[in-house]
Amino acid sequence: MSVRLPRQILEALDEGVLGLDRRARVVFANPAALRMLGFEDEARVLGEPVHALIHPAFPDGRPSPEAECPIHRAVEGGTSPAPWQDCFLRRDGTTLPVQVCANPLHGDDGEPEGAVISFQDRTQQQALEQELREQRRALQRERQLFVGGPTVVFQWRITPQWPVEYVSPNVEQVLGYPPADLRSGALRFAELIHPEDFQRVVEEVTHHRDRGSTHFEHHPYRVRHADGSYRWVRDSTVIDRRSSGPDYHYGYLVDITREKEVERALAEKERRYRMAQSAARFGIWEWDIGADRLRWDDDAWALLGYPPEQRVEMDYASFRERIHPEDREAAEDAIHRNLLAQDGGPYSVEMRFRRADEEWHWIHARGQVVEFDRDGRPRQVLGIHTDISELKAAEQRPRPRDERYRRFLEDFIGIAYQTRLADPAPILLRGMVEEITGYTQAEFMAGHCDWDALIHPEDRPRVRRQIEALANEGTTSDLSYRIVHRDGSVRWVRDIGRLIRLTDHNDWVLQGALYDITEQKEAERARDTFLAAVSHDLRTPLNTITGFCALLTDTPLSPQQQEYIRYCRNAAGQLEGLIETLLELSRLQAGGLRLQPQPLPLPEYLSEQLAPLAYQARQQGLTLNWHLDDRLPEAVWADPTRLGQVLNNLVGNAIKFTEHGSIKVHVAPTDDGCIGFRIADTGSGIPESLRVCIFEPFARGGPERPQPPGTGLGLAICKELVELMGGRIEVESTEGEGTTFTFTAELPAAEPSAATATEIGHHPTPRVVAGGQTPHALIAEDDPTSALLLATLLHRAGWEVTTVGDGAEAVAAWQRSQPDLMILDMQMPHTNGDRAAAQIRELEVRKQRPRTRIVMLTAHALDDVREDAVKAGCDHYLTKPVAPDALHALLHRARAGASQ
């Protein structure tokens, strides 16, 4: 075969050129071709079949038939195929992406005589294409972030009434207006601003434009919603100045209405607190122990009649001189014993204090160490002084006749009372009785109305237990509970009481004060609602982060990338734990957490809980032993989640704070019919000063105790949960020897046959997936990334997946083709998951269709949401972020058609 192109031209080309004979063997290779294919000289390739040289296999390792080689077909067929993209094999085994052209050669008789193959290296082009795809995906993600979230993007023209040039589609979700109404000019942005805020907004725009600003943020202002209400927004604006025509403003608005509502509730709470402080006559003081300085606020000075010119900074000696000589020793003993010897335990003492007019005045002083120095010694004390002169007089004269005392009680902003524990009729009752309860003072005094009957039925057992403890231990009680007003409404009250002895009757009575705290509780509820909403908004992206991190771990990664993914997953796990802990503590303190007892095989359950902890202990070189008393019932009624939470926290802490030795767990019945748990370790122990506050929120130890990881909320939650289970928790510890936690719980015995694992509902068995068929799942999720994550996980598990974005679409898709499994998000824009599930269950009964397994998916970790899922007829319940193991277990059961 003769080469038709001058050889020197071919050797100068940057693209590779191969000459082939009629049997597709290489007869010529220019330097560019040799370089790209990894050969040093032409002799190594001459005579070689071109297919064996560059196409022995596909990139995935499968053998490549010669008949499918485009170059081979060009040689045999004698026609020029269209240029194509290919992947050539290099000499060193690597692959080279190329753009290929094949031109057949013909002899004088017109028969195929060979071909000329030219190819170009596409490596750099591929990299650029990949970078472009990544940039497009990043832009798409950013667009979804704004378009699908609570942030509305605006652009308006700075002409009268500020006509809107552009607004993101989610404006309808945030403000209720269709985007077309704003873009068409039917609504102008200035028309939406609250009249009281409009002039301020105009002045801010004018100010920043005159200053030459390019970007500024407005102070929050109100914008009218389509339903007529006003929403608070935060506005960040960029000024686009144009040489011709009007200027433009573009930026984004964020709805902060919920944040403003919480601020108002907290401000109102602070105002009422100040009113209560003034009415209750107490002052605040601060003691700097190291500098020996005491500072009182104005209310503390006014309490003792000191005018401003006589208010000076005191040291401890001057404070001591103002205490009545008869009370001085007891007061100093209480201060030193509780503050210094016990390193920060709270103290409470009643004493007489000298007023500015040299008269003696009864005060109740309470203090608490709030700061320690580096050596663990108390450094700063904060406390209050309360005026108890009138109460002291009441102890001596239960029914005083002087006008000043009577007026004090009648004008009291709460209810002041004295009552015998066994007699419903009070000895003394004054203040806002009818305003708080709806019943008159006379009805209570005559015994026609029993205070115990007013207490809300759900709170009554807890209040009774606290009163019994007060009678047995003689301490001061501080309770918050609900009462039912005469008009049927529910009010929250705070009841502070203590036992005193009446001198002229020589018997013990309960004396105290009760305040209406309904508005305070409503503010707390607003805070909790805000916290739950924030949790929901955090859990949805957290689900995406944890899910895709898990998927990434199953892909080829370098060691450094694997380490980065591990960091991401650990941080996401910590964030999820913090969200759940804060919600849990908030619900506990608000009384909103309810136990969900079920029959539980106690010995088997305890062993399952402790076995993983024993493995954890062994990893730290420790031993964990447990003994279950033979007298324990085979089954009990208990909430397995809450009981396990307490047990895991206490045993986990014991492992965490024990460096050498062992942890022992003992479970046995108690004499009063409860189940008792004792967890003893051989760790470093807890300093005596910390035991008094060990169960308080955020108590994580003092300076002398190493700070463990966590929030300091675990033991506070344990205490609340144990009390919710009708028990109590205590701690004993010796420094250097170890710590023992004990707690009890009321766990009534259950029938052993009833103690089996159950799902969230008791439903008929869903239909079984036919053997050999690919199971079909329907996902209803309005968040695109969450939907993509779930679909990816199900695809990898061998499922066929259909996704929709709303509950109504899910019901319609179910009617068209009944899937084997449905995963419904609880909260969606139009029809929520629980409503869609209820509609499907109704259609199944009406149309006599087999039962579909339904899984409820939610970012709300609340018991009420779980109950809604049960009522709607769901079979399973998953909380975001979804654990892959839990999802895979659920898919396995769904594929097998097993009932739970």
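A polar contact is a pair of N or O atoms within 3.5 Å, and one such contact caps a helix here: a side-chain oxygen of aspartate 806 sits 3.0 Å from the backbone nitrogen of alanine 808, at the N-terminal end of H27. Keep in mind that this is a predicted model. Below is a quick tour of helix H27, the nonpolar cores, the aromatic rings and the salt bridges.

**Helix H27**

- H27 runs over residues 807-816, and its buried residues are Gly807, Ala810, Val811, Ala813 and Trp814.
- These residues span an arc of only 165° around the axis, so they sit on the same side of H27.
- As a rule, an α-helix has 3.6 residues a turn, so residues three or four places apart point the same way.
- What lies over the buried residues of H27? The cover includes three strands, E29 (776-780), E30 (800-804) and E31 (821-825), along with helix H28 (833-847).

**Nonpolar cores**

- In soluble globular proteins, nonpolar side chains tend to be buried together.
- The largest nonpolar core here has 43 residues, and the ones with the most contacts inside it are Leu650, Val651, Phe677, Ile679 and Phe743.
- Take phenylalanine 743: leaving aside neighbours within four places in sequence, its contacts include Leu643, Val646, Leu650, Ile675, Phe677 and Ile679. Gly676, Val722, Arg728 and Ile729 are also among the residues that phenylalanine 743 touches.
- Another core lies apart from that one, with 28 residues, among them Leu18, Val26, Ala33 and Leu37.

**Aromatic rings**

- How many aromatic pairs turn up in a search of the whole structure? The search finds 10.
- One of them is tryptophan 287 with tyrosine 316, a stacked pair with 5.5 Å from centre to centre and 15° between the planes.
- That pair links distant parts of the chain, since tryptophan 287 belongs to strand E12 (residues 282-288) and tyrosine 316 to helix H12 (residues 316-321), 29 residues apart.
- Both partners are tucked away: tryptophan 287 is buried at 11% relative accessible area, and tyrosine 316 is buried at 15%.
- Tyrosine 316 also pairs with phenylalanine 319; the ring centres are 6.2 Å apart and the planes meet at 40°, so this pair is tilted.
- Tyrosine 316 and phenylalanine 319 share helix H12, where they are 3 residues apart, about one turn of the helix. Phenylalanine 319 is buried, as is tyrosine 316.
- Put together, Trp287, Tyr316, Phe319 and Phe353 make up one aromatic cluster.

**Salt bridges**

- The structure holds 32 salt bridges.
- Arginine 25 pairs with aspartate 21, and their closest N and O atoms are 3.3 Å apart. Is each partner buried or partly exposed? Arginine 25 is partly exposed at 27% relative accessibility, whereas aspartate 21 is buried at 14%.
- Arginine 320 and glutamate 321 form a salt bridge too, at 4.0 Å from N to O. Arginine 320 is partly exposed at 28%, and glutamate 321 is partly exposed at 44%.
- Arginine 491 and aspartate 516 meet in a salt bridge at 3.6 Å, N to O. This one links distant parts of the chain: arginine 491 is in strand E20 (residues 490-502) and aspartate 516 in strand E21 (residues 507-516), 25 residues apart.
- Here arginine 491 counts as buried at 19% relative accessibility, because the cut-off for buried is under 20%. Its partner, aspartate 516, is partly exposed at 34%.
- Salt bridges with shared partners also tie Glu196, Asp197, Arg200, Glu204 and Arg222 into one network.

Note on methods: Residues are numbered from 1 along each chain as its sequence is written. This is a predicted model: local features need pLDDT of at least 70, side-chain atom pairs count only at pLDDT 80 or more; totals for chains, interfaces and linings use all residues. Side-chain values use heavy atoms; hydrogens and water are left out. A salt bridge is a side-chain nitrogen of Lys or Arg within 4 Å of a carboxyl oxygen of Asp or Glu. Buried means under 20% relative accessible area, exposed over 50%, partly exposed in between (1.4 Å probe, protein chains only). Helices (H or I, at least four residues) and strands (E, at least two) are DSSP runs, numbered from the N terminus. The arc is that of the directions from the helix axis to the C-beta atoms. Contact means heavy atoms within 4.5 Å. A polar contact is a pair of N or O atoms within 3.5 Å; within protein, one must be able to donate a hydrogen and the other to accept it, and residues adjacent in sequence count only if both atoms are side-chain atoms. A nonpolar core is a set of buried Ala, Val, Leu, Ile, Met, Phe, Trp, Tyr and Cys residues joined through side-chain atoms within 4.5 Å. Rings of Phe, Tyr and Trp (its six-membered ring) pair if their centres lie within 6.5 Å; planes under 30 degrees apart count as stacked, over 60 as edge-to-face and the rest as tilted.
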